[in-house]
Amino acid sequence: LSATGTASATTFLRGDNAWATPSGGTLVNVVQTQDYTGAINVDGVTSYATAGSDFLVSITPTSTSSTILIMAGSAIGGIDGDTSYAGELKIYRQIASGGYASITASPVAHINGASGKRRPWTFMYLDSPSTTSQVDYQLYMRASDNAVVHFAVDGFSRFITALEIGA
């Protein structure tokens, strides 16, 4: 390499041997809700219902141009004796306590399994709420058939995280 100079918090050496300043993508704020106790279940519920406070996270963006990366995960399971189960998750959002609405047309996760099996699930979703008011993200869940589905199995970690990424 023929470049001279020193990398710093504001510069990096590009592949073409030139120093550059990175643009955007600064992590501004991180908020997480996490728990390990109790199961979160749906029993033959085929319309979306709230997954409860374990899957609720609130963040207040510092800029209207910020994006919010939502990450969530746990372990899903079926009841012993069920032949199979299928569950779906959607993200609902409310801004400034204005009421929840789905921000995804399709499920962000569709999970299939078999009797007595526990399977981990995770997903990420990038949102642009265009506000500096408090934004609440809540997972909603449903069974895609009449099975009993555990979206969070007792003793397994469950989390939802919101990361504000500056422009």
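Me: Is N17 buried, exposed or partly exposed in this predicted model, and what is the relative accessibility behind that class?
Reply: The model is predicted, and N17 lies in the loop between β1 (12-13) and β2 (19-20). Buried means under 20% relative accessible area, and exposed means over 50%. N17 falls in between and therefore counts as partly exposed, at a relative accessibility of 22%.

Me: What is the phi of N17, a residue that is not a glycine?
Reply: N17 is placed in the loop between β1 and β2. Its phi is positive although N17 is not a glycine, with a value of about 75°.

Me: Where is S130 placed, and is S130 buried or exposed?
Reply: S130 belongs to the loop between β11 (118-127) and β12. Its phi is also a positive value in a residue other than glycine, near 50°. The cut-off for exposed is over 50%. S130 has a relative accessible area of 51%, so its class is exposed.

Me: How many helices and strands does the protein have?
Reply: Read along the sequence, the pattern is β-β-β-β-β-β-β-β-β-β-β-β-β-β. The secondary structure therefore comes to zero helices and 14 strands.

Me: Among contacts between residues at least 6 apart in sequence, what share joins residues at least 24 apart?
Reply: A contact here means heavy atoms within 4.5 Å. Among contacts between residues at least 6 apart in sequence, the share that joins residues at least 24 apart is 79%.

Me: Which residue in β13 stands opposite N41?
Reply: N41 is part of strand β4 (residues 40-43), where the side chains alternate: I40 and V42 point to one face and are buried, while N41 and D43 point to the other and are not. Strand β4 pairs with strand β13 (residues 148-152) in the antiparallel sense, over four bridges. Opposite N41 in β13 stands H150.

Me: With which side chain does the side chain of D54 make a polar contact?
Reply: D54 sits in the loop between β5 (49-50) and β6 (56-59). Its relative accessibility is 14%, and D54 therefore counts as buried. Leaving aside residues up to four places away in sequence, D54 touches T33, D35, T37, I40, R158 and I160. The polar contact of its side chain, at 2.9 Å, is with the side chain of R158.

Me: Why is β12 described as largely enclosed by the rest of the structure?
Reply: Strand β12 covers residues 135-143. The description rests on burial, because the number of buried residues among the nine in β12 is eight.

Me: How many bridges join β6 to β12?
Reply: Strand β12 runs antiparallel to β5, and two bridges join these strands; A49 stands opposite M141 in β12. Strand β6 also runs antiparallel to β12, and I59 has V135 as its bridge partner there. The number of bridges that join β6 to β12 is four.

Me: Which strand gives the most residues to the largest nonpolar core?
Reply: In soluble globular proteins, nonpolar side chains tend to be buried together. The largest nonpolar core here has 28 residues, of which F55, L89, W121, F123, Y137 and L139 touch the most other members. The strand that gives the most to this core, with five residues, is β12.

Me: Is I70 buried or exposed, and what is its relative accessible area?
Reply: I70 is found in strand β7 (residues 67-78). Beyond residues up to four places away in sequence, I70 touches I91, F123, M124, Y125, Y137, I160, T161 and A162. The contact list of F123, counted in that way, includes I70, L89 and L139. I70 is buried, with a relative accessible area of 0%.

Me: How far apart in space are I70 and V57, C-alpha to C-alpha?
Reply: In sequence, I70 and V57 are 13 residues apart. In space, their C-alpha to C-alpha distance is 9.1 Å.

Me: Which element has the highest mean pLDDT?
Reply: The protein averages a pLDDT of 84, and 90% of the residues score at least 70. Among the elements, strand β10 (residues 109-114) has the lowest mean, 72. The highest mean, 97, belongs to β6.

Definitions and conventions:
Residues are numbered from 1 along each chain as its sequence is written. This is a predicted model: local features need pLDDT of at least 70, side-chain atom pairs count only at pLDDT 80 or more; totals for chains, interfaces and linings use all residues. Side-chain values use heavy atoms; hydrogens and water are left out. Buried means under 20% relative accessible area, exposed over 50%, partly exposed in between (1.4 Å probe, protein chains only). A polar contact is a pair of N or O atoms within 3.5 Å; within protein, one must be able to donate a hydrogen and the other to accept it, and residues adjacent in sequence count only if both atoms are side-chain atoms. A nonpolar core is a set of buried Ala, Val, Leu, Ile, Met, Phe, Trp, Tyr and Cys residues joined through side-chain atoms within 4.5 Å. Two strands pair if DSSP finds at least two bridges between them. pLDDT is the predictor's confidence in each residue, from 0 to 100.
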